[in-house]
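Dear colleague,

I am passing on the structure we spoke about, with the sequence alongside. Please open both before reading on, since the notes below refer to residues by number.

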Amino acid sequence: MPLSGARWFQITIAAALIIVSAIACVRIHAQHRIPRGASEATIEVHRRALEPAPRAPAAVAPPLRRYSNTRTEIFRRAAAPPMFAPQEPSGPPAPPPAPLPPAPPPTTQRTERSSASSLGAPEACALHVFRHVSKAGGTTVRFFFDKLVTLGEWEYPLPYGASEAAWVEFVKTWRREARAYARGLRDAPKTLVEVRGHMPDNWSARHFLDRVLPDVEALRDEFRGSCSVTTSFLTRDPFSQYKSFYGYYIKKMQAKAVDFERLNEGGEAAFGANFAEWAVNVPDMQTRELLHDKCVPQMREGGYEVRPTMGEPTRIGKRWREGARGGDCDSITISDEDWTRVEDALSRFDVVSTMERFNEFMLVLGRVTGMKHLQYSHSNKGRETSDDGTMRPDVIANITTHDEALHAYADKAFDKLLVDLYGSVDAFKRDEYQPYVDATAQHNGKSFVGGIPEPSPYKWVKATEAEAQGLTPVQLPMWVMPNGGGQAWAYAGGDPVVMVRRDEAESLRCVKGCTFD
């Protein structure tokens, strides 16, 4: 009896399923095929790769160990061009990267920041990303991160201005190593990242909201329960931030001698004769820097267009004009849509606080991330410029309505986090904050909040100097990148650096990680 059409259809579908299953098995076998003559260690790795991932091991501080590769290989890596160094363009421009998939509906699948309970119990495996805006305590945070690396507890592999290629490579590597940790194949990664911009590349700051933060949230989702992945942000009272910015960046530009070849790059005609003349041209600096597509470079430029007239520099109007420059510099005004983006970003940080509450921020950062040794000394303290008679709060209040709202949000959000973590703000102040502040001590001419820091067993030095003295660089077991001190590279002027044992390199200048010694 001939088979019916329906029966033939069933037989065809069954045959297709068998073929697909066979192909999948062949691919899996090929992927994990053990090479001929493989060692027992290689066989074990392949065996584990085919097993389901076990729960991450209990949090145990990994022991310090010397880097196992040869000295020659380490110095070869150090001398190679860093992966985050800016590259000169060659040939036709590369096509833009493929757009990210659309975000899931926020009401059902949106990535939320970790709950208070999970923040209070960080895993041994950790990644923390700090978003830094100018003159809001970020440099002190950076020096604190450097200290944690030279104490042998964390890595800090990217400069604060990372390129797209550097960021993509970092995310790929961290994900791979965190998966290896979850399978018991390596020590727990413990990584710190700072995002600010401009050195050596502003990509990570420019794309913090649309690329970096979503990537971090994806890592948080993937490794929830085995790795702590968290973020933080600091803001500052606008009047104090503007005074600090003016004293650090602008006043020296106003004092520059007139150069008729570069009239817009210095002098009072271009930068204003005082604080108020400069400030009125740069509204809402912190909000704009967080968004980073509102002409951030304009904040350090002269605010006035200057031309020579009868041998004297003469202002002919404001240098920046709405819609005149295009691109990211088309507007410096914060729209309602821009502010919605700011509010969304703030809601996604795990820790949002203010510079005025920096001591509290440090304690919470330690609680959330598992960071220890929270002793620190304020950087750039005492560098505030004296009042020139125009430093009035009302001058700044008129141009910082969004920065004021940013600061108020951070203050309120931080109080809420304290309640979530410690039960009440009063309990936190009594049990954590007051003992921390009371332990403040003087050391090497500096005041250290929380007490005198432990001596660091390591320090960063120039690779050429270490090699000349025959020193063996170290690499720590929690590092995921070949050189865990990319941030040190940035502040060594681009020179290759290596981390060495301090007791073996007493005669070499420390280029990074020694600020809190």
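What follows covers the disulfides, then the aromatic contacts, and lastly one helix.

Please keep in mind throughout that this is a predicted model.

The structure holds 3 disulfides, and if the bonded cysteines of the protein chain are numbered in sequence order, their pairing reads 1-2, 3-4, 5-6. One of them joins cysteine 125 to cysteine 227, with an S to S distance of 2.0 Å. This pair links distant parts of the chain, given that cysteine 125 belongs to strand E1 (residues 125–131) and cysteine 227 to strand E3 (residues 227–235), 102 residues apart. The torsion about the S-S bond is about 90°, so the disulfide of cysteine 125 and cysteine 227 is right-handed. As for exposure, cysteine 125 counts as buried because its relative accessibility is 0%, and cysteine 227, with a relative accessible area of 6%, is buried too.

Another disulfide runs from cysteine 295 to cysteine 329, again with S to S at 2.0 Å. Cysteine 295 sits in the loop between helix H12 (285–291) and strand E4 (304–309), while cysteine 329 sits in the loop between strand E5 (312–318) and helix H13 (336–348), so the bond ties together parts that are 34 residues apart in sequence. The link of cysteine 295 and cysteine 329 is right-handed, with 80° about its S-S bond. Cysteine 295 is buried, at a relative accessible area of 1%, and cysteine 329 counts as buried at 11% relative accessibility.

There is also a disulfide between cysteine 510 and cysteine 514, whose sulfur atoms are 1.9 Å apart; with 95° about the S-S bond, this link is right-handed.

Turning to the aromatic residues, a search of the whole structure finds 20 aromatic pairs. One of these is formed by phenylalanine 130 and phenylalanine 145, whose ring centres are 6.4 Å apart and whose planes meet at 85°, so the pair is edge-to-face. Phenylalanine 130 lies in strand E1 and phenylalanine 145 in helix H5 (residues 138–150), so the contact ties together parts that are 15 residues apart in sequence. Both rings belong to buried residues: phenylalanine 130 has 1% relative accessibility, and phenylalanine 145 has a relative accessible area of 0%.

Tryptophan 174 and phenylalanine 223 form an edge-to-face pair as well, at 5.7 Å centre to centre and 85° between the planes. Tryptophan 174 is part of helix H6 (residues 164–182) and phenylalanine 223 of the loop between H8 and E3, so parts that are 49 residues apart in sequence are tied together. Tryptophan 174 counts as buried at 0% relative accessibility, and phenylalanine 223 counts as buried at 3%.

Beyond single pairs, Phe130, Phe144, Phe145, Tyr156, Phe358, Phe361 and Tyr376 form one aromatic cluster. Two arginines also meet tyrosine rings: the charged end of arginine 300 sits over the ring of tyrosine 249, 3.9 Å from its centre, and that of arginine 367 over the ring of tyrosine 422, 4.8 Å from its centre.

Finally, how does the length of helix H8 (residues 208–222) compare with what it should span? At 1.5 Å a residue, the 15 residues of H8 should span 21 Å, and the end C-alpha atoms are 20 Å apart, which agrees. Among the buried residues of H8 are Phe208, Leu209, Arg211, Asp215 and Glu217.

With best wishes

Definitions and conventions
Residues numbered from 1 in each chain as written. Predicted model: local features only at pLDDT ≥ 70, side-chain atom pairs only at ≥ 80, totals over all residues. Heavy atoms only, no water. Helix = DSSP H or I, 4+ residues; strand = E, 2+ residues; numbered from the N terminus. Expected span 1.5 Å × (residues − 1). Buried < 20%, exposed > 50% of the residue type's maximum accessible area, 1.4 Å probe, protein only. Disulfide = S-S within 2.5 Å. Phe/Tyr/Trp six-rings, centres within 6.5 Å; stacked < 30°, edge-to-face > 60°. Lys NZ or Arg CZ within 6 Å of the ring centre and 35° of its normal.
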